[in-house]
Amino acid sequence: MKNQPDYYAILGISPDATSEEVREAAKALGARFPKDARDPSQNVAYRQLLEAYEVLRDPERRAAYDAARQARTGFLDLTVQASRESIGALDNDQLLYLLVDIRPPHKAAERRRSINLSLVFDCSTSMGGKRLERVKIAAAQVIERLSPEDVVSVIGFSDRAQTIVPAARVNNKQLLISRIDRMKASGGTEIFQGLKAGVKEMRKAMMSRYVNHLVLLTDGHTYGDEEQCIKLADEISKQSVTITAFGIGGDWNDKFLDELVTASGGRSIFIEEPDQIIDYLQERIQGLGTVYAQDVRLLANFPASISCSEVMKLSPFAQPLDCGGKEIALGVVEGRAPLSALLELKIKPQPAGRRLEIPLDFRADIPVEQLQDYPFDARHTVKVVPGDPDLSPSPSIVRAVQMLNLHRMNERAWSEAEAGQLDMATKRMERLTSRLMAAGHTKLAQQAMMETQRLSRMGTASSEGRKKMKYGTRSLISKTVRFDKEDD
């Protein structure tokens with residue numbers, strides 16, 4: 001069973017799926033394969049789809065499969081789909097994509113853990129008016145949804161920090177909300193002051209007992225303290241604190257916020273309009289109580305002939321991950337959604353006949369089971385064969401890579417624009433516009449067209465438009481994953 005594919009992952013269904021759901025999922029996925037790709041002897045992905053259907057449609061075979069699967073998975077369910085099982089003995093590097101899916105045990109969704117939450121809000125002058133009012137409403141609604149066992153603190157910062165709500169259990173909600181309502185906007189923006197104060201409040205609780213999460217919300221650039229912020233974020237990630245960073249409007253540093261959340265496997269989010277603050281904050285907080293595993297990470301111990309060129313988290317949200325170190329921080333596993341990531345591996349030229357063993361060694365903390373550095377792993381074997389074998393990746397990998405390429409095309413265009421290569425940037429944005437339009441993403445295609453015209457006429461990029469394109473193409477990735485989990 002160790003090397004047997006996960007049939008539930010292949011069909012994109014839950015282990016609780018009914019026989020009818022099994023049939024409908026197999027039918028929908030099968031329809032995505034062109035007629036000339038439905039030969040199971042030639043197409044590995046189609047053969048695995050048929051195998052999954054045949055096993056899961058039969059009650060006895062499914063029961064036996066479920067028993068073996070449960071014995072294999074232990075405390076976390078790890079599945080890996082690969083874009084190929086063999087590569088050619090060629091003279092050039094070749095790419096391999098691995099789609100990693102990590103889920104908690106089925107019963108984990110029913111457990112709720114207490115939350116230690118720090119809300120760190122920018123209260124500089126530019127946050128005045130509608131922005132700060134929406135922040136107050138959003139914070140009040142978050143507090144209304146917390147339980148008496150949760151701990152919350154609220155920090156307001158500008159060029160200095162003020163503790164609006166000291167860390168305490170959520171007993172008197174109206175008192176906490178009334179304190180938040182007194183926040184006023186003034187001064188400049190020094191994010192480190194806010195982060196330091198938020199972390200200080202979080203540490204008042206016995207952190208090992210909680211899901212620890214810090215929310216940063218800002219609308220501007222911080223001044224000269226970026227390195228201090230990153231150092232602090234790295235430090236608290238080792239205490240299983242995750243960070244979500246919200247940027248409002250166009251005048252904030254998206255690269256900095258991405259780097260800030262990387263160490264914890266957290267998320268950066270673009271908020272275009274103040275009215276969106278409420279929904280975005282609610283959505284981000286919603287899954288925290290169901291966190292099952294924390295500090296999930298992949299050990300980057302790949303063979304010398306294989307390097308990791310890029311990792312993109314796909315679910316529960318899209319976020320690029322840093323794969324340049326010894327470990328790749330993936331974040332947390334929630335009970336409500338899988339933790340999914342797409343790895344792009346580059347394989348150096350290999351002689352025919354070789355078999356490459358690719359280890360995927362993970363570690364995680366699972367507080368509800370009192371486990372730290374819990375190991376779980378998988379292996380993928382790639383055969384090196386003469387010639388250039390045909391690719392037959394699963395539809396889910398194809399769609400994820402397609403959306404990832406749109407995001408990368410956008411990022412390269414902006415990099416070229418920043419480097420003064422305006423002709424290249426404009427042409428790339430034109431191609432991106434066409435691809436978005438062809439894929440049916442009309443609104444994002446229109447935004448890309450506007451930015452293309454701006455580059456062509458003015459030779460510069462719009463800060464807000466750049467963020468709309470960056471976070472818009474990211475959202476396509478997470479939407480694609482959700483689509484692949486549902487029936488057509």
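Which residues does Arg-179 touch, not counting residues up to four places away in sequence? Let us work that out together, and then try some more exercises on this predicted model.

**Exercise 1. Describe the surroundings of Arg-179.**

*Solution.*
- Step 1: Find the residue. Arg-179 sits in helix H6, which covers residues 173-180.
- Step 2: List its contacts. Leaving out residues up to four places away in sequence, Arg-179 touches Ile-164, Val-165 and Pro-166.
- Step 3: Judge its exposure. The relative accessible area of Arg-179 is 28%, so this residue counts as partly exposed, because that class lies between the cut-offs of 20% and 50%.
- Step 4: Compare sequence with space. Arg-179 and Lys-136 are 43 residues apart in sequence, and their C-alpha atoms are 9.9 Å apart.

**Exercise 2. Decide how compact the protein is for its length.**

*Solution.*
- Step 1: Take stock of the elements. The protein has 14 helices and 16 strands.
- Step 2: Set the radius of gyration beside the rule. The radius is 24 Å, and the globule rule gives 23 Å for 488 residues; the two are close, so the protein is as compact as a globular protein of that length.
- Step 3: Add the dimensions. Along its principal axes, the C-alpha trace spans about 70 × 55 × 45 Å.
- Step 4: Look at burial and contacts. Buried residues are 54% of the 488. Of the contacts with a separation of 6 or more, 75% join residues 24 or more positions apart.
- Step 5: Turn to the outside. The accessible surface comes to about 22,000 Å², and carbon and sulfur atoms hold 47% of it.

**Exercise 3. Find how far apart the mean positions of the positive and negative charges are.**

*Solution.*
- Step 1: Count the charges. There are 68 positive and 67 negative ones.
- Step 2: Take the mean position of each set. These two points are 1 Å apart.

**Exercise 4. Explain why Cys-123 is too far from Cys-229 for a bond, and then check Cys-308.**

*Solution.*
- Step 1: Recall the cut-off. Two cysteine sulfur atoms must be within 2.5 Å to count as a disulfide.
- Step 2: Test Cys-123. Its closest cysteine sulfur belongs to Cys-229 and is 16 Å away, which is too far for a bond. Cys-123 is also buried, at 6% relative accessibility.
- Step 3: Test Cys-308. The nearest cysteine sulfur, in Cys-323, is 3.5 Å away, and Cys-308 is in no disulfide. With 17% relative accessibility, Cys-308 counts as buried.
- Step 4: Give the total. The count for the protein is 0 disulfides.

**Exercise 5. Pick out the unusual backbone angles at Pro-316, Asp-295 and Asp-373.**

*Solution.*
- Step 1: Start from the usual case. Most residues other than glycine have a negative phi, and most peptide bonds are trans.
- Step 2: Check the bond from Ser-315 to Pro-316. This bond is cis, with omega near 10°. Pro-316 belongs to the loop between strand E11 (306-315) and strand E12 (319-321).
- Step 3: Check Asp-295. Its phi is positive, near 50°. Asp-295 is part of strand E10, residues 291-299, and is partly exposed at 23% relative accessible area.
- Step 4: Check Asp-373. Here too phi is near 50° and positive. Asp-373 is in strand E16, residues 371-385, and its relative accessible area of 44% makes it partly exposed.

**Exercise 6. Is Ala-318 buried or exposed, and what does Ala-318 touch?**

*Solution.*
- Step 1: Place the residue. Ala-318 lies in the loop between E11 and E12.
- Step 2: Compare its area with the cut-off. Ala-318 has a relative accessible area of 7% and is buried, because buried means under 20%.
- Step 3: Name its partners. Beyond four places in sequence, Ala-318 touches Met-312, Lys-313, Arg-474, Ile-477 and Ser-478.

**Exercise 7. Compare the exposure classes of Ser-237 and Thr-262.**

*Solution.*
- Step 1: Take Ser-237, in helix H8 (residues 226-237). At 10% relative accessibility Ser-237 is buried. Its contacts beyond four places in sequence are Ala-263, Ser-264 and Asp-295.
- Step 2: Take Thr-262, in helix H9 (residues 254-262). At 21% relative accessibility Thr-262 is partly exposed. Beyond four places in sequence, Thr-262 is in contact with Asp-322 and Ala-329.
- Step 3: State the result. Ser-237 counts as buried, whereas Thr-262 counts as partly exposed.

Key. Residues are numbered from 1 along each chain as its sequence is written. This is a predicted model: local features need pLDDT of at least 70, side-chain atom pairs count only at pLDDT 80 or more; totals for chains, interfaces and linings use all residues. Side-chain values use heavy atoms; hydrogens and water are left out. Helices (H or I, at least four residues) and strands (E, at least two) are DSSP runs, numbered from the N terminus. The radius of gyration is taken over C-alpha atoms; the globule rule is 2.2 Å times the number of residues to the power 0.38. Buried means under 20% relative accessible area, exposed over 50%, partly exposed in between (1.4 Å probe, protein chains only). Contact means heavy atoms within 4.5 Å. Accessible areas come from the Shrake-Rupley method with a 1.4 Å probe; for residues, only the protein chains shown count as cover. Lys and Arg count as positive and Asp and Glu as negative; His and the chain ends are not counted. The place of a charge is taken as NZ of Lys, CZ of Arg, CG of Asp or CD of Glu.
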